[in-house]
Amino acid sequence: MTDTDKNDAVEIQRVFELIDAPTRSAQTGEDTGQARRSDRIQPAASQPLILLVDDLQSNLDLLLMLLADQPWQLATARSGAEALRLIPELHPDLVLLDVLMPGMDGFETCRQIKQLEGGDDLPVMFLTAECQDLDKGFEVGAIDYINKPLRRSELQRRIDTHLSLSLLTKGLRTRLMERESLALLGEIVAEVSHEIDTPLGVCVTATSVLNNRLDSLARDLEHDRLQREDLAEFITTAREAGRMLNDNTQSALEMMAGLKLLAVDQSSGRSRRVALKSYVELLVRNVQLKLSAGAVHVCVDIPADLMLYTKPGLLSKILRNLVNNSLVHAFIGRDAGQITIQARASDSGGVELIYRDDGCGIPADHQGRIFERFFTTRPDEGGSGLGLHLVQTATAQLQGTLKLRSAPGRGTEFTIHLPHLLAATPREDSGE
């Protein structure tokens with residue numbers, strides 16, 4: 001017998017011991033599997049956490065044994081429903097999921113995992129003793145299958161591979177987000193400079209006029225030339241200058257507050273109640289430099305009292321990327337363009353947001369691919385291939401739906417339905 005055969009024999013013997021363990025523990029009143037699971041339910045921050053999901057405790061015990069010598073934290077769930085409860089709490093880095101489970105099977109569990117916040121990025125590997133429908137597994141979001149009986153080396157290496165890929169993907173995504181945040185910061189700085197330039201310029205002019213009139217008044221007073229009419233004229237000038245200073249400093253403060261709100265919403269990811277008309281108008285002002293460069297006019301048609309409880313940072317991301325997409329692709333070869341942003345309360349609750357441009361439209365053979373990551377028809381002219389993919393991703397994060405309607409020469413229309421995420425709380429609304 002070779003060393004490999006001896007090792008396999010020892011491992012098989014340990015498997016049979018684990019399978020018999022529930023019977024022995026039931027006779028003695030012990031629950032070794034449950035104790036082992038509870039010991040591993042709290043992940044260490046520095047180690048990847050793997051969630052093991054199987055309806056049989058003996059299978060979970062086997063997985064715990066096969067993975068015990070690896071630098072991973074392990075947690076277990078005995079059903080799909082339990083896994084769905086644990087994932088938002090534990091934030092695992094990978095899920096090993098049995099396919100054949102009573103009630104909610106692995107396919108349905110995986111489908112619901114992908115609908116959780118952050119679930120789209122959570123790698124799920126199926127465990128199965130039979131040849132299941134591979135296509136169905138990949139359609140619901142799985143990244144791999146591992147067939148039973150499990151082999152220690154294969155299981156560990158494939159887990160390690162997918163954890164490494166997931167770490168690389170998260171790193172790339174973080175870098176893209178940092179790049180996007182820096183680009184947004186640059187836009188905000190440029191917009192601050194542009195928006196505040198006008199009111200501050202008016203303030204400088206008003207101050208200069210007021211100082212000149214004061215100097216003239218002082219000279220007249222010094223040489224006993226001050227007339228009643230001169231004083232009355234100065235009072236009128238001073239009042240007008242004071243009004244201009246007050247109005248324009250207030251305008252600058254409001255602009256700063258609005259731009260600061262955009263920046264905070266973009267970075268915090270918090271949910272709050274949003275007055276859509278004023279918020280969309282603020283977003284439009286924030287991209288006015290880009291719009292002016294392309295002679296593109298934006299019409300905002302939203303009722304003043306329309307409210308939506310949502311994550312405004314994601315809403316901002318949706319509209320910014322739609323505007324950028326129009327500027328890069330829609331108005332090629334044209335001197336001007338029109339964008340319309342409409343919103344209304346939907347019959348099913350929430351808000352229906354309609355974004356429309358009167359540009360060149362999207363060819364039919366491209367419409368099935370425009371939401372794909374890195375798909376662009378203008379890679380050398382400002383197209384990153386990420387804009388509409390980010391629109392779709394942000395819409396999904398807001399639990400919304402996105403529809404496209406376009407035809408060559410007839411412009412493009414995106415219809416986005418956004419539900420109210422949660423009921424507003426007084427504390428959260430106080431900052432509105």
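Start with the whole chain coloured by secondary structure: 14 helices and twelve strands are there to see, taken as DSSP runs (H or I of at least four residues for helices, E of at least two for strands) and numbered from the N terminus. This is a predicted model, in which local features need pLDDT of at least 70 and side-chain atom pairs count only at pLDDT 80 or more, while totals for chains, interfaces and linings use all residues. Residues are numbered from 1 along each chain as its sequence is written, and side-chain values use heavy atoms, without hydrogens and water.

Switch to a burial colouring next. Of the 432 residues, 40% are buried, meaning under 20% relative accessible area with a 1.4 Å probe, protein chains only.

Now for the rings. Searching the whole structure gives four aromatic pairs (ring centres of Phe, Tyr or Trp, the latter by its six-membered ring, within 6.5 Å; planes under 30 degrees apart are stacked, over 60 edge-to-face, the rest tilted).

Select Phe 107 and Phe 126: this pair is edge-to-face, with 5.4 Å between centres and 80 degrees between planes. Phe 107 sits in helix H5 (residues 106-113) and Phe 126 in strand E4 (residues 124-128), 19 residues apart. Both are buried.

Keep Phe 126 and add Tyr 145: their centres are 5.4 Å apart and their planes at 45 degrees, so this pair is tilted. Tyr 145 belongs to strand E5 (residues 144-147) and Phe 126 to strand E4, so the pair ties together parts 19 residues apart in sequence. Hover over Tyr 145 and you are at 7% relative accessibility, which counts as buried; Phe 126 is at 0%.

Finally, add Phe 138 to the selection: ring pairs link Phe 107, Phe 126, Phe 138 and Tyr 145 into a cluster.

Terms used
Buried < 20%, exposed > 50% of the residue type's maximum accessible area, 1.4 Å probe, protein only.
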